[in-house]
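Visitor: I've got a few minutes and a fresh model to look through. Could you walk me through it?

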Amino acid sequence: MKIFCVGRNYVDHAKELNNPVPKSPLIFMKPSTALLTDGKPFYHPDFSKNIHYELELVLKISKNGKAIQEKFAHNYYDQIGLGIDFTARDLQDDLKAKGQPWELAKSFDHSACLGNMVFKSTLDMTAIKFNLTKNGTIVQDGNSKDLIYSFDYLIGFISQYFTLQTGDLIFTGTPAGVGQIAIGDVYKGYLGEQQLLTCEIK
Ligand code: ZN
């Protein structure tokens, strides 16, 4: 299975890191070894002094497809959930400055924390509210209506380059409010009122 991620897909987040809003989707990938599931803790690695949380809506692909037209994209995913794209911001800033790929900063073990998923048929997909609490205080508050590139557009775009397969995941980008994690923090992700994700930093 493959994990796709989208960078800078909310204007307010692109601005908070002083990045330009992209003219086409910014796509990167994580390997399957990046997955952290079942509410397991995240162990802070030694290679970074500044790991950020990024809460994101995550789509689960339910059917194989290639070069999918945007108008048919909704047929290719059936579940949505929440994930944290853990990012070694210090390494990423360094790699960005050198014009090098982001893998070391984005794709390390357990950098893709994934909570429970729900069937999209239960939701109003045009305006999904979601938020992240850190030790009980809301730090990120997003709404899918603010996505620069919609779920269907992203599926159309990505599938021009990569065959999408059942079980693949798409982390669709983070809203504003990203910040540094610390050992002992507890993060909880909510879709509307429903808690789908919990992650403790150890
Ligand atoms: Zn992200």
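**Cavity and rings**

Visitor: How many cavities of 30 Å³ or more are there?
Guide: Keep in mind that this is a predicted model. With the cut-off set at 30 Å³ or more, the count comes to one cavity.

Visitor: Which element gives the most to the lining of the largest cavity?
Guide: That cavity holds about 110 Å³ of space and is lined by 16 residues, with G7, R8, H13, Q92 and K106 nearest its centre. Two elements give two or more residues to the lining, β1 (3-7) and α2 (89-98). With three residues, the top contributor is α2.

Visitor: How many residues of that lining are charged?
Guide: The lining splits into three classes. Four are nonpolar and five are polar, and the charged ones number seven.

Visitor: How many residues apart in sequence are the parts that F4 and F162 tie together?
Guide: There are ten aromatic pairs, and F4 with F162 is a tilted one, 5.2 Å centre to centre with 55° between the planes. F4 lies in strand β1 and F162 in the loop between α4 (151-161) and β11 (169-171), so the parts they tie together are apart in sequence by 158 residues.

Visitor: Is F4 buried or exposed?
Guide: Buried means under 20% relative accessible area. F4 has 0% relative accessibility, so F4 counts as buried.

Visitor: What kind of pair do F42 and F86 form?
Guide: Planes under 30 degrees apart count as stacked. The ring centres of F42 and F86 are 4.1 Å apart and their planes are at 25°, so the pair is stacked.

Methods: Residues are numbered from 1 along each chain as its sequence is written. This is a predicted model: local features need pLDDT of at least 70, side-chain atom pairs count only at pLDDT 80 or more; totals for chains, interfaces and linings use all residues. Side-chain values use heavy atoms; hydrogens and water are left out. On a 1 Å grid over the protein atoms alone, a cavity is a set of points where a 1.4 Å probe fits but cannot get out, and a pocket is an open set with protein on both sides within 12 Å along at least five of seven lines; lining residues have an atom within 4 Å of a point. Grid points are joined across faces, edges and corners, and a volume is the space filled by probe spheres set on the points. Helices (H or I, at least four residues) and strands (E, at least two) are DSSP runs, numbered from the N terminus. Ala, Val, Leu, Ile, Met, Phe, Trp, Tyr, Cys and Pro count as nonpolar, Asp, Glu, Lys and Arg as charged, and the others, Gly among them, as polar. Rings of Phe, Tyr and Trp (its six-membered ring) pair if their centres lie within 6.5 Å; planes under 30 degrees apart count as stacked, over 60 as edge-to-face and the rest as tilted. Buried means under 20% relative accessible area, exposed over 50%, partly exposed in between (1.4 Å probe, protein chains only).
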